[in-house]
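Work through the exercises below with the sequence and the model open. Each task is followed by a solution in steps.

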Amino acid sequence: MPLAPKPESALFIVGHGSTENPDSSTPYFDHADEIRRRGLFKEVHCCFWKEEPSFREAWYLTDCQEIYVVPDFISEGYFTQDIIPREFGLTGPTSDIRGKTFHYCQPVGVHASMTGLLLRRAREVAPGIDPASTTLVITGHGTGLNQNSTKAIRDQVDLIAASGAGYAKVTDAYMEEQPFIARWDELAPTGNVVVVPFFISDGAHSYQDIPVLLGIEPEVGLAASQREIFRHNPHHLRGKTLFYSSAIGTERHLADVILDQVADFDARRALATA
(Lines give C-alpha, C1' and ligand atoms only; values in the text may rest on other atoms or scores of the structure.)
Protein backbone atom coordinates (compact mmCIF):
# COMPACT_ATOMS: atom_id res chain seq x y z
CA MET A 1 0.00 0.00 0.00
CA PRO A 2 1.65 3.31 -1.06
CA LEU A 3 2.18 5.68 1.84
CA ALA A 4 0.77 9.18 1.43
CA PRO A 5 3.39 11.88 2.15
CA LYS A 6 3.39 13.27 5.69
CA PRO A 7 5.17 16.61 5.32
CA GLU A 8 4.41 17.73 8.88
CA SER A 9 5.25 14.43 10.63
CA ALA A 10 8.39 12.74 11.93
CA LEU A 11 9.33 9.07 11.70
CA PHE A 12 11.32 7.40 14.49
CA ILE A 13 13.01 4.11 13.55
CA VAL A 14 13.61 2.44 16.90
CA GLY A 15 16.21 -0.28 17.42
CA HIS A 16 18.26 -2.18 19.97
CA GLY A 17 21.80 -1.10 19.06
CA SER A 18 24.97 -2.38 20.70
CA THR A 19 27.88 -1.00 22.70
CA GLU A 20 30.10 -3.88 21.55
CA ASN A 21 29.48 -4.42 17.82
CA PRO A 22 30.08 -1.45 15.47
CA ASP A 23 27.83 -2.94 12.75
CA SER A 24 24.73 -3.31 14.87
CA SER A 25 23.13 0.03 14.01
CA THR A 26 24.28 0.32 10.37
CA PRO A 27 21.05 -1.02 8.76
CA TYR A 28 18.90 1.41 10.77
CA PHE A 29 20.78 4.41 9.40
CA ASP A 30 20.76 2.94 5.87
CA HIS A 31 16.97 2.52 5.97
CA ALA A 32 16.53 6.01 7.43
CA ASP A 33 18.62 7.48 4.59
CA GLU A 34 16.52 5.65 2.01
CA ILE A 35 13.27 6.93 3.51
CA ARG A 36 14.64 10.49 3.74
CA ARG A 37 15.54 10.25 0.05
CA ARG A 38 11.87 9.60 -0.77
CA GLY A 39 10.76 12.78 1.01
CA LEU A 40 7.71 11.25 2.69
CA PHE A 41 8.31 12.72 6.17
CA LYS A 42 9.48 16.10 7.40
CA GLU A 43 12.07 14.33 9.56
CA VAL A 44 13.39 10.77 9.93
CA HIS A 45 15.42 9.79 12.99
CA CYS A 46 16.89 6.63 14.55
CA CYS A 47 17.11 5.98 18.29
CA PHE A 48 18.31 3.01 20.31
CA TRP A 49 18.22 1.10 23.57
CA LYS A 50 22.00 0.54 23.69
CA GLU A 51 23.34 3.47 21.65
CA GLU A 52 22.83 7.20 21.28
CA PRO A 53 20.48 8.84 20.69
CA SER A 54 18.59 6.84 23.30
CA PHE A 55 14.84 6.36 23.43
CA ARG A 56 14.50 9.08 26.07
CA GLU A 57 16.74 11.48 24.12
CA ALA A 58 14.56 10.98 21.03
CA TRP A 59 12.02 13.35 22.52
CA TYR A 60 14.39 16.24 21.75
CA LEU A 61 15.19 15.22 18.15
CA THR A 62 12.15 16.82 16.54
CA ASP A 63 9.78 19.77 16.77
CA CYS A 64 7.09 17.89 14.83
CA GLN A 65 3.80 17.51 16.65
CA GLU A 66 3.00 14.11 15.09
CA ILE A 67 5.49 11.25 15.33
CA TYR A 68 5.28 7.69 13.98
CA VAL A 69 7.34 5.18 15.98
CA VAL A 70 8.29 1.98 14.11
CA PRO A 71 10.20 -0.69 16.06
CA ASP A 72 12.89 -2.10 13.78
CA PHE A 73 12.67 -5.36 15.70
CA ILE A 74 12.09 -8.88 14.49
CA SER A 75 9.27 -9.88 16.81
CA GLU A 76 6.72 -8.82 19.37
CA GLY A 77 8.24 -9.31 22.79
CA TYR A 78 9.89 -7.72 25.77
CA PHE A 79 11.32 -4.71 23.97
CA THR A 80 8.33 -3.87 21.79
CA GLN A 81 5.70 -4.55 24.45
CA ASP A 82 7.46 -3.30 27.60
CA ILE A 83 10.68 -1.33 27.08
CA ILE A 84 9.76 0.96 24.18
CA PRO A 85 6.30 1.96 25.54
CA ARG A 86 7.83 2.60 28.96
CA GLU A 87 10.74 4.69 27.68
CA PHE A 88 8.57 6.83 25.38
CA GLY A 89 5.67 7.00 27.84
CA LEU A 90 3.27 5.40 25.36
CA THR A 91 -0.11 4.31 26.69
CA GLY A 92 -1.65 2.78 23.54
CA PRO A 93 -1.54 2.77 19.73
CA THR A 94 -1.83 6.58 19.83
CA SER A 95 -0.58 8.61 22.81
CA ASP A 96 -0.74 12.36 23.37
CA ILE A 97 2.27 13.33 25.45
CA ARG A 98 3.31 16.87 26.34
CA GLY A 99 1.77 18.36 23.20
CA LYS A 100 2.95 15.68 20.79
CA THR A 101 1.00 12.79 19.28
CA PHE A 102 2.83 9.47 19.03
CA HIS A 103 1.59 6.64 16.78
CA TYR A 104 3.08 3.31 17.80
CA CYS A 105 3.33 0.89 14.86
CA GLN A 106 3.97 -2.85 14.86
CA PRO A 107 7.54 -4.19 14.53
CA VAL A 108 8.84 -4.78 11.03
CA GLY A 109 9.46 -8.50 11.56
CA VAL A 110 5.77 -9.38 11.86
CA HIS A 111 4.72 -7.73 8.59
CA ALA A 112 3.47 -10.06 5.84
CA SER A 113 5.92 -8.63 3.32
CA MET A 114 8.84 -10.19 5.24
CA THR A 115 8.05 -13.50 3.48
CA GLY A 116 9.02 -12.03 0.12
CA LEU A 117 12.23 -10.56 1.55
CA LEU A 118 13.27 -13.93 3.02
CA LEU A 119 12.69 -15.72 -0.29
CA ARG A 120 14.59 -12.99 -2.15
CA ARG A 121 17.54 -13.32 0.24
CA ALA A 122 17.52 -17.14 -0.04
CA ARG A 123 17.62 -16.97 -3.86
CA GLU A 124 20.38 -14.35 -3.84
CA VAL A 125 22.67 -16.31 -1.53
CA ALA A 126 22.34 -19.56 -3.50
CA PRO A 127 21.93 -18.56 -7.17
CA GLY A 128 21.14 -21.40 -9.53
CA ILE A 129 20.48 -23.90 -6.73
CA ASP A 130 17.27 -25.89 -7.21
CA PRO A 131 14.91 -25.35 -4.23
CA ALA A 132 13.65 -28.93 -4.70
CA SER A 133 17.06 -30.17 -3.53
CA THR A 134 17.44 -27.56 -0.78
CA THR A 135 16.45 -27.10 2.85
CA LEU A 136 15.76 -23.50 3.86
CA VAL A 137 16.49 -22.73 7.52
CA ILE A 138 15.26 -19.49 9.09
CA THR A 139 17.27 -18.95 12.25
CA GLY A 140 16.91 -16.64 15.23
CA HIS A 141 17.96 -16.21 18.81
CA GLY A 142 15.16 -17.89 20.75
CA THR A 143 14.65 -17.62 24.47
CA GLY A 144 12.59 -19.44 27.03
CA LEU A 145 11.67 -16.09 28.60
CA ASN A 146 9.17 -15.03 25.92
CA GLN A 147 7.34 -17.37 23.52
CA ASN A 148 6.61 -14.48 21.20
CA SER A 149 10.33 -14.18 20.43
CA THR A 150 10.09 -17.15 18.04
CA LYS A 151 6.51 -16.70 16.80
CA ALA A 152 7.49 -14.40 13.93
CA ILE A 153 9.99 -16.97 12.64
CA ARG A 154 7.57 -19.89 12.99
CA ASP A 155 4.94 -17.86 11.13
CA GLN A 156 7.38 -17.13 8.30
CA VAL A 157 8.34 -20.81 8.02
CA ASP A 158 4.66 -21.72 7.60
CA LEU A 159 4.11 -18.96 5.04
CA ILE A 160 7.16 -19.94 2.97
CA ALA A 161 6.22 -23.64 3.08
CA ALA A 162 2.75 -22.74 1.76
CA SER A 163 4.02 -20.21 -0.78
CA GLY A 164 4.89 -22.65 -3.55
CA ALA A 165 8.55 -21.60 -3.49
CA GLY A 166 9.41 -25.27 -3.92
CA TYR A 167 11.93 -25.88 -1.13
CA ALA A 168 12.26 -29.52 -0.12
CA LYS A 169 11.95 -28.47 3.52
CA VAL A 170 11.55 -25.19 5.36
CA THR A 171 12.32 -25.14 9.07
CA ASP A 172 13.16 -22.85 11.97
CA ALA A 173 16.21 -23.15 14.25
CA TYR A 174 17.56 -21.14 17.18
CA MET A 175 20.66 -20.30 19.11
CA GLU A 176 19.25 -20.92 22.59
CA GLU A 177 16.24 -23.20 22.23
CA GLN A 178 15.22 -26.23 20.21
CA PRO A 179 15.57 -26.95 17.39
CA PHE A 180 19.16 -25.76 17.72
CA ILE A 181 20.92 -24.19 14.74
CA ALA A 182 24.09 -26.00 15.81
CA ARG A 183 22.38 -29.21 14.57
CA TRP A 184 21.48 -27.74 11.16
CA ASP A 185 22.82 -30.76 9.29
CA GLU A 186 20.48 -33.10 11.22
CA LEU A 187 17.51 -30.83 10.45
CA ALA A 188 18.20 -30.89 6.70
CA PRO A 189 17.36 -34.02 4.66
CA THR A 190 18.89 -32.49 1.50
CA GLY A 191 22.43 -31.96 0.28
CA ASN A 192 21.95 -28.20 -0.13
CA VAL A 193 21.13 -26.05 2.89
CA VAL A 194 20.40 -22.30 2.89
CA VAL A 195 20.44 -20.53 6.26
CA VAL A 196 18.95 -17.02 6.54
CA PRO A 197 19.40 -15.24 9.91
CA PHE A 198 16.18 -13.53 11.02
CA PHE A 199 18.03 -10.66 12.69
CA ILE A 200 17.98 -6.93 12.03
CA SER A 201 21.74 -6.49 11.57
CA ASP A 202 24.97 -8.38 10.99
CA GLY A 203 25.88 -7.90 14.63
CA ALA A 204 27.32 -10.30 17.14
CA HIS A 205 24.68 -13.03 16.81
CA SER A 206 24.33 -13.34 13.05
CA TYR A 207 27.89 -12.54 12.01
CA GLN A 208 30.00 -13.82 14.89
CA ASP A 209 28.06 -16.37 17.01
CA ILE A 210 25.99 -18.38 14.50
CA PRO A 211 28.91 -19.01 12.09
CA VAL A 212 30.65 -20.80 14.98
CA LEU A 213 27.51 -22.88 15.67
CA LEU A 214 27.28 -23.77 11.97
CA GLY A 215 30.95 -24.77 11.85
CA ILE A 216 31.94 -22.04 9.36
CA GLU A 217 34.30 -20.46 11.91
CA PRO A 218 36.30 -22.23 14.65
CA GLU A 219 35.77 -19.39 17.11
CA VAL A 220 34.10 -15.99 17.38
CA GLY A 221 35.95 -13.61 15.07
CA LEU A 222 35.99 -9.93 14.24
CA ALA A 223 32.91 -7.88 13.38
CA ALA A 224 31.92 -7.71 9.70
CA SER A 225 33.28 -4.19 9.21
CA GLN A 226 36.61 -5.19 10.75
CA ARG A 227 37.29 -7.99 8.27
CA GLU A 228 38.92 -7.36 4.92
CA ILE A 229 36.33 -9.40 3.05
CA PHE A 230 32.86 -10.71 3.76
CA ARG A 231 32.47 -14.49 3.90
CA HIS A 232 32.00 -16.37 0.64
CA ASN A 233 29.56 -19.19 -0.12
CA PRO A 234 29.24 -22.10 -0.37
CA HIS A 235 30.70 -23.89 2.66
CA HIS A 236 31.24 -27.65 2.39
CA LEU A 237 30.61 -28.97 5.88
CA ARG A 238 29.33 -32.17 7.47
CA GLY A 239 28.72 -33.77 4.08
CA LYS A 240 26.48 -30.93 2.85
CA THR A 241 26.74 -27.70 0.87
CA LEU A 242 25.85 -24.78 3.11
CA PHE A 243 24.91 -21.27 1.99
CA TYR A 244 24.80 -18.66 4.77
CA SER A 245 23.33 -15.21 4.14
CA SER A 246 23.65 -11.88 5.90
CA ALA A 247 20.88 -10.85 8.30
CA ILE A 248 17.47 -10.22 6.74
CA GLY A 249 17.40 -6.75 8.32
CA THR A 250 20.22 -5.63 6.00
CA GLU A 251 17.96 -6.21 2.98
CA ARG A 252 17.56 -2.80 1.32
CA HIS A 253 13.83 -3.33 0.80
CA LEU A 254 13.32 -3.35 4.57
CA ALA A 255 12.80 0.41 4.21
CA ASP A 256 9.61 -0.49 2.34
CA VAL A 257 8.51 -2.70 5.25
CA ILE A 258 9.00 0.21 7.67
CA LEU A 259 6.75 2.35 5.47
CA ASP A 260 4.27 -0.53 5.13
CA GLN A 261 3.92 -0.61 8.92
CA VAL A 262 3.11 3.13 8.95
CA ALA A 263 0.54 2.66 6.18
CA ASP A 264 -1.01 -0.29 8.02
CA PHE A 265 -1.23 1.76 11.20
CA ASP A 266 -3.09 4.53 9.38
CA ALA A 267 -5.46 1.98 7.80
CA ARG A 268 -6.29 0.42 11.18
CA ARG A 269 -6.83 3.84 12.74
CA ALA A 270 -9.13 4.92 9.91
CA LEU A 271 -11.13 1.71 10.27
CA ALA A 272 -11.43 2.16 14.03
CA THR A 273 -12.74 5.71 13.69
CA ALA A 274 -15.08 5.05 10.73
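## Exercise 1: a hairpin turn

Arginine 238 is located in the loop between strand 9 and strand 10. The model is a predicted one.

Task: Describe the backbone and the exposure of arginine 238, and state what its turn connects.

Solution.
1. Strand 9 and strand 10 form a hairpin with two residues between them, and arginine 238 is in the turn.
2. Arginine 238 is not a glycine, yet its phi is positive, about 50°.
3. Most residues other than glycine have a negative phi.
4. Arginine 238 is partly exposed, because its relative accessibility of 41% falls between the cut-offs of 20% and 50%.

## Exercise 2: the surroundings of strand 10

Task: Work out which strands pair with strand 10, in which sense, and whether its residues are buried or exposed.

Solution.
1. Strand 9 (residues 235–237) pairs with strand 10 in the antiparallel sense, over three bridges. Within this pairing, histidine 235 has leucine 242 as its bridge partner.
2. Strand 8 (residues 192–197) pairs with strand 10 in the parallel sense, over four bridges. Here valine 195 stands opposite tyrosine 244.
3. Lys240, Leu242 and Tyr244 point one way from strand 10, while Thr241 and Phe243 point the other way.
4. Residues on both sides are buried. Five of the five residues of strand 10 (residues 240–244) are buried, so the strand is largely enclosed by the rest of the structure.

## Exercise 3: the nonpolar cores

Task: Locate the largest nonpolar core and list what isoleucine 35 touches.

Solution.
1. The largest nonpolar core has 46 residues; those touching the most other members are Leu11, Ile13, Ile35, Phe41, Leu136, Ile138 and Phe198.
2. Helix 7 (residues 254–273) contributes the most to this core, with eight residues.
3. Beyond its neighbours within four places in sequence, isoleucine 35 is in contact with Leu11, Ile13, Leu40, Phe41, Val44, Ala255, Ile258 and Leu259.
4. A second, separate core has 18 residues, including Phe55, Ala58, Phe102 and Tyr104.
5. In soluble globular proteins, nonpolar side chains tend to be buried together.

## Exercise 4: the cysteines

Task: Decide how many disulfides the structure holds, and check cysteine 47 and cysteine 105.

Solution.
1. The structure holds zero disulfides.
2. For cysteine 47, the nearest cysteine sulfur is that of cysteine 46, 7.6 Å away. A disulfide needs the sulfur atoms within 2.5 Å, so cysteine 47 is in no disulfide.
3. For cysteine 105, the nearest cysteine sulfur is that of cysteine 47, 13 Å away, and cysteine 105 is in no disulfide either.
4. Cysteine 47 is buried, with a relative accessible area of 0%, and cysteine 105 is buried at 4%.

## Exercise 5: cis peptide bonds

Task: Find where the cis bonds that lead into proline 53 and proline 179 lie.

Solution.
1. The bond from glutamate 52 to proline 53 is cis, with omega near -5°. Proline 53 is in the loop between strand 2 (41–48) and strand 3 (66–71).
2. The bond from glutamine 178 to proline 179 is also cis, with omega near -10°. Proline 179 is in the loop between strand 7 (169–174) and helix 5 (184–187).
3. Most peptide bonds are trans.

## Exercise 6: the largest pocket

Task: Give the volume of the largest pocket and name what lines it.

Solution.
1. The volume is about 1100 Å³.
2. The lining has 34 residues, of which His16, Phe79, His141, Phe199 and His205 lie nearest the centre.
3. Helix 2 (78–88), helix 4 (148–161) and helix 6 (204–214) are the elements that give two or more residues to the lining.

Terms used
Residues are numbered from 1 along each chain as its sequence is written. This is a predicted model: local features need pLDDT of at least 70, side-chain atom pairs count only at pLDDT 80 or more; totals for chains, interfaces and linings use all residues. Side-chain values use heavy atoms; hydrogens and water are left out. A nonpolar core is a set of buried Ala, Val, Leu, Ile, Met, Phe, Trp, Tyr and Cys residues joined through side-chain atoms within 4.5 Å. Buried means under 20% relative accessible area, exposed over 50%, partly exposed in between (1.4 Å probe, protein chains only). Contact means heavy atoms within 4.5 Å. Two strands pair if DSSP finds at least two bridges between them. On a 1 Å grid over the protein atoms alone, a cavity is a set of points where a 1.4 Å probe fits but cannot get out, and a pocket is an open set with protein on both sides within 12 Å along at least five of seven lines; lining residues have an atom within 4 Å of a point. Grid points are joined across faces, edges and corners, and a volume is the space filled by probe spheres set on the points.
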